[in-house]
Amino acid sequence: MTGLLRAISSLRLTAALILAFSALLMLGVIVPQASVVGETAMQNAVAEGGGVRRFFLETLGLARLHTSPLFLALLALFFVNLVAVLTSRTGPTMRRIRMRVPDPEPLKRWVASPDALVAPLPVGWTAAGATSRLRGFGYRAIRAGDDTIWAVRHRAAPFGFVLLHVSFIVLLVGAILIYYTRAVGSARLIEGQTWEGIADDLRRPPAGRPDRLAFTLTSVEPRFEKGEPAGLGVSLRMPGGQQRSARVNYPAQWGATTILVTDVGVAPVLWLQDAQGFALDKVAAAAEHDRPTRVSMAGNRYLVTINPDVSRENFPSREALGRVPVEVEVRDGTTVLGRVQMTPGQTVQFGDARLVISDMRYWAGLRIVSERGGSVLVLGFVAGVAGAVWRLVLHRREIALQWNGESMRLTGRAEFFGLTFREELESLLEALQTIETKETI
Amino acid sequence: MSRLFAVVFWAVLVDYALMVGAQIWAQTFRREKVAALARIGILAGFAFHTALVAWRWIETGHVPTIGNFENALAGGWFIVAMTLWAARRDRYPLLAAGALPFALLIMGGGALSDTAVRPMVASLKSFWLYIHIFFAWLAYGAYTVACGAAIVYLSKTRASRRNGGGPDDPATKSSLDRLDELMFRSTVFGFITDAVMIGAGSIWARNLWGSYWSWDPVETWSLISWLIYGLALHLRITLGWRGRRLAWVLALAIVGVLISFWGVNIVMRGSAHVFNVG
């Protein structure tokens, strides 16, 4: 059992796991993933491919590598190893960061080592002055005898190791929370329209359901720079009349729900009237970008196909919206009643009906995401970076200074970057040689 | 890019290439004057390189971050800047010879792509972009310095073995110890800045796409690269890998960085306009 525990907390196992994990991730980049190409595209690829493709992508689960049993098993082993290493090394780490002066004999031997720096003792030099000077360099100094000072800098830096590795666990908790609570929905709204429901048509959370949401798209604000589209924003009216706005990169937030604006287009408002001008039907149609849009009117009697002359090169500003030409075709059953180009405000006769484009509005494509755990994830990132900086950059340093009537010896050790620390020691020694008598604790 | 810009750009690349050769020549044949000229040449090239970055910034009205070319221009600048900083006071005479070829590779590749000036699209107008990109350049610059130091370390140890000397020769040992520490320090710096880059990128992704992490190839490869360098740190700190063993790891780990770098630019290539219109 002890052997098994030792193996589980082995750092060689850590290295092997990192390598295996990296290799698996590389496979996930090379093999198309359903999460990236889309489920439909993946299913089509599997259906069109042969047995070999089906075996690798479906049977082995390589198309959904990041939720496959192999990946999850490796991840589990990674965290078992992490916890085992943390358990075995946290105790020694906590003991190391205690403020404990070395025993006199080892300390004496250390200072006497041949690579200690030696310098003459300046006139007026005092231990109190030296202690004060060491404090100026960030050291916490303690007298370790009549003729010795021991000092440490960034004493608690080894704790950064714990913080860095615990941050992985925090990240895992955040990721699990997000995975199980994440719901993604989409909405396409025309200005003035209200959306109400549960936004999970794109992804349902494995656990629970998001809250019902309702909001009204009050306006769409495309931005232009030098006549070209350069930004996109929307204004939303939320429950209770509260206003929210969403722009690209700046989504609207409502509790645990985030609303992102992803797309925009034009939506002509069509009135269908009879010969006397009485309204038969009214529809605001969100026109597609790249193909004509079909709209049924008057109880499916008429099929109206609209195709606005709008592209990314000539996307209209609010001022130009009222002048956007729309190619319109009206059918009554299989009979094409007419095909014309219309602009907002124009009325055209089609058979015994009249079609009016009374208005042109924008529509906006929205992505609605509801999830919990994001702040835990961010906390994990921050903790990880802080831990890495604390451990590796601010690493622990110890020095020992010993003197007699004529000279002083300075030695030290740093956890990392020995050569740089050597230069630091030389600067320290130089500073200690310029202590004046007036310096006190 | 304009003709003058192109001329200066290629002149900078040629300068870097020549100075790399000059450094190697100076070290091999112990020509101090040539080494001094190489240092001046690299500094001069860097000054013009800086001017190019500023020129592009003014011309486009934004930090050079869009597309292969701008990323290569700025990324190459960071590699050279960090190499010059690491090698200041002539601590590592051959470091530029090891690191600058990567700047040449990146900038040369960038020059082969579309160099047209593009407006800043809405998807890139985010505070997080600047944090993400800045730390990416710092990380990749640091990794390149580590790789350059590793290459120099490997060539020095190979040369000293061939010349009958060894790592016990005091001058060689001192030089190798400094290179070993530079490899480690650069890797630490790169690892931390890489972590910030990944974190900032995740937060930006959440604001732009609604998801902190979606396992897309760019994200995944940047994680792989970070894990490899994390492995290198583990090998050094806990298993005591130093010298040639660590040098080989760092010399090969740069491949992950190069893949990440080009991967980003492949994803960023696309419409200059915000809306999916037409």
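How much area is buried between chain A and chain B, and what share of it do carbon and sulfur atoms give? Here are my notes, point by point.

1. Before anything else, keep in mind that this is a predicted model. As for the opening question, about 5000 Å² is buried between chain A and chain B, and carbon and sulfur atoms give 70% of that. Three residues are worth finding on chain A: Asn249(A), Arg312(A) and Phe417(A) supply 15% of the area this chain buries against chain B, more than any other three residues.

2. Now count who touches whom. On one side there are 61 residues of chain A, and they are in contact with 53 residues of chain B.

3. Next, the polar side of the interface. The rule finds 13 residue pairs in polar contact across chain A and chain B, with both residues at pLDDT 80 or more. If you look for salt bridges between these two chains, the count is one. Its partners are the side chains of Glu225(A) and Lys125(B), with N to O at 2.8 Å. On the side of chain A that touches chain B, helix α2 (residues 11–30) of chain A brings the largest share, eleven residues. Sorted by class, that side of chain A has 35 nonpolar, 15 polar and eleven charged residues.

4. Have a look at one helix pair that crosses between the chains. Helix α11 (residues 418–432) of chain A packs against helix α6 (residues 170–209) of chain B at an angle of about 105°, and their axes are 8 Å apart. Angles of 65 to 115 degrees count as roughly perpendicular, so that is how α11(A) and α6(B) lie to each other. At the meeting point, α11(A) offers Gly418(A), Leu419(A) and Thr420(A), while α6(B) offers Asp177(B), Arg178(B), Glu181(B) and Arg185(B). By class, this contact has one nonpolar, two polar and four charged residues.

5. Finally, salt bridges in the whole structure: there are 25 over all chains. One to zoom in on joins Glu191(A) and Arg318(A), whose closest N and O atoms are 2.6 Å apart. This pair links distant parts of the chain, 127 residues apart. Glu191(A) sits in the loop between β4 (183–190) and β5 (194–197) of chain A, and Arg318(A) in the loop between β13 (302–308) and β14 (326–332) of chain A.

Conventions. Residues are numbered from 1 along each chain as its sequence is written. Chains are lettered from A and ligands numbered from 1 in the order in which they are written. Side-chain values use heavy atoms; hydrogens and water are left out. Axes are lines fitted to C-alpha atoms, for helices over the stretch in contact, and angles run from 0 to 180 degrees between N-to-C directions. Helices (H or I, at least four residues) and strands (E, at least two) are DSSP runs, numbered from the N terminus. Angles under 35 degrees count as roughly parallel, over 145 as roughly antiparallel, 65 to 115 as roughly perpendicular and the rest as oblique. Contact means heavy atoms within 4.5 Å. Ala, Val, Leu, Ile, Met, Phe, Trp, Tyr, Cys and Pro count as nonpolar, Asp, Glu, Lys and Arg as charged, and the others, Gly among them, as polar. Buried area is the accessible area (1.4 Å probe) that two parts lose on being put together, summed over both. A salt bridge is a side-chain nitrogen of Lys or Arg within 4 Å of a carboxyl oxygen of Asp or Glu. A polar contact is a pair of N or O atoms within 3.5 Å; within protein, one must be able to donate a hydrogen and the other to accept it, and residues adjacent in sequence count only if both atoms are side-chain atoms.
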